[in-house]
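Trainee: Could you take me through one part of this model in some detail? I'd like to look at where the two domains meet.

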Amino acid sequence: MPALFAETALLPQGWADRVRIDWDAAGTITAVTPGAPAQGSAERADAVVPGMPNLHCHAFQRAMAGLTERAGPAGDDFWSWRAVMYKFVAALEPEQIAAIAAQLYVEMLKAGYTSVAEFHYLHNDPEGKPYADRAELANQIALAAGATGIRLTLLPVLYQTGNFGGAAPSEAQRRFLLKTDAFNALVESLFKALRGSRHVRVGIAPHSLRAVPPAALREAKAALDKIDPTAPIHIHAAEQTKEVEDCLAWSGKRPVEWLLDEAKCDARWTLVHCTHMTADEARRLAASGATAGLCPTTEADLGDGLFPLVDYLAGKGRFGVGSDSNVGVSPAEELRWLEWGQRLLHRRRNLAPAPEGASIGGTLWRASLAGGAQALGQPVGAVAVGRRADFLALDRAHPCLAGHMGDGLLDALVFAGGTAAIRHVMVGGRWVVREGRHPAEERIAENYRAALRRLA
Ligand SMILES: [Zn+2]
């Protein structure tokens, strides 16, 4: 059976030295032995930490990152960005979506994400008609994940309306739209097609309360429950103040409040953003067991606002990080901005709650491993028996980690450019990045460049 000998490794109980990690042919860890002898056939690594789950991603948006940073005629905001995104999305062909996703997933693996929850909302062809195979575009995502080796939680998106209260969708939203029956059939077909894969899990993503009427939300969840009553459910919530105002006007409740009251969100749920919550919503969301999906680089890029982290963590709320629009593709960058945003807001330092002397980088990395694993609904996020062998091997000889040990390595990773020291990356017991390189990265990058040339 394959095994790895790590000079030091981050285990659930803390850092341990001379750790032998064994896993089975399916990539599940079967033994973790600290203080083990180095002899034997086990391969050697320096410092091993669990790879990070990315709990929120729209892969195609990677190809428009950097293209929306030009001043518009007046007052750019989230909504003007969305208008540009809709134009971009109108032209994408299936093979371009696969090429963009594959390039993105290689970048993610090299940066320390070992799994990704793809919030996949492109279903129809450029005219808004269904493809012969409803799952055509979802299949492209699964293919890209398979080609790169990243673990996938595939979340087909339900999208029906243009705003709260059943407003008609716009022409620009035609590629996203599915009736509830068609959506449920898509979900069922993905479950069938991906059954047996140890790399892929299927859930659902009602896009938002703007885009999904309550009856459709209930019906989609009921259909999912018949197939898999533990499958993850993700939804965007309270990203923008206008969304909160519109939700209040529609229902008398704020988005997170509505979801907690009406959808009874629990540990299966991930509420993405939750940027605009009252202290009471933050307390209730924390108590619900749901995960808050935080995407600080996208939230900064789009001018969303800052998540109320201090209130939320005071209630022991769960969170993970996501790359969302993929302007940033690094878990360390998301966590750094999560903490830095709070420092800028409160004009103090080290705001993630931690006992005296505890590492902030370590606190954030551990919390987002746990929240990310819960959000993806996969046994990942820890070097422990029964979890998948999804690791990063850090090179402590790299200058950016010099002088660091234990959680200091995670502080360097998060706050001091330490990602340059991510040397090898393993998913499901197989190295997908070695010496900082993915074996297919040149071919994937060429496909990506070709896709962008055609789009231009
Ligand atoms: Zn999103």
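How much area do domain 1 and domain 2 bury between them, and what percentage of it is on carbon and sulfur atoms?

Mentor: Happy to, and keep in mind that this is a predicted model. Let's get our bearings: the chain splits into domain 1, made of 3-50 plus 386-441, and domain 2, covering 52-376. Their centres, taken over C-alpha atoms, are 28 Å apart. To your question: the two domains bury about 2300 Å² between them, with 61% of that on carbon and sulfur atoms. On the domain 1 side, look for Val414, Phe415 and Val427, which supply 26% of the area that domain 1 buries against domain 2, more than any other three residues. If you prefer to count residues, 27 from domain 1 are in contact with 28 from domain 2.

Now for the polar side of things. The rule finds 3 salt bridges across this interface, and it also picks up 10 residue pairs in polar contact there. As for which elements of domain 1 do the touching, those giving two or more residues are β14 (391-394), α13 (407-415), β15 (422-427) and β16 (430-433). Of these, α13 gives the most, with 6 residues. One salt bridge to pull up on your screen is Lys110 with Glu441, where the closest N and O atoms sit 2.9 Å apart.

So, to recap: about 2300 Å² is buried between the domains, α13 is the top contributor of residues on the domain 1 side, and 3 salt bridges span the interface.

Methods. Residues numbered from 1 in each chain as written. Predicted model: local features only at pLDDT ≥ 70, side-chain atom pairs only at ≥ 80, totals over all residues. Heavy atoms only, no water. Domains from an automatic or database assignment. Contact = heavy atoms within 4.5 Å. Buried area = accessible area lost by both parts, 1.4 Å probe. Salt bridge = Lys/Arg side-chain N within 4 Å of Asp/Glu carboxyl O. Polar contact = N/O pair within 3.5 Å; in protein donor to acceptor, adjacent residues only side chain to side chain. Helix = DSSP H or I, 4+ residues; strand = E, 2+ residues; numbered from the N terminus.
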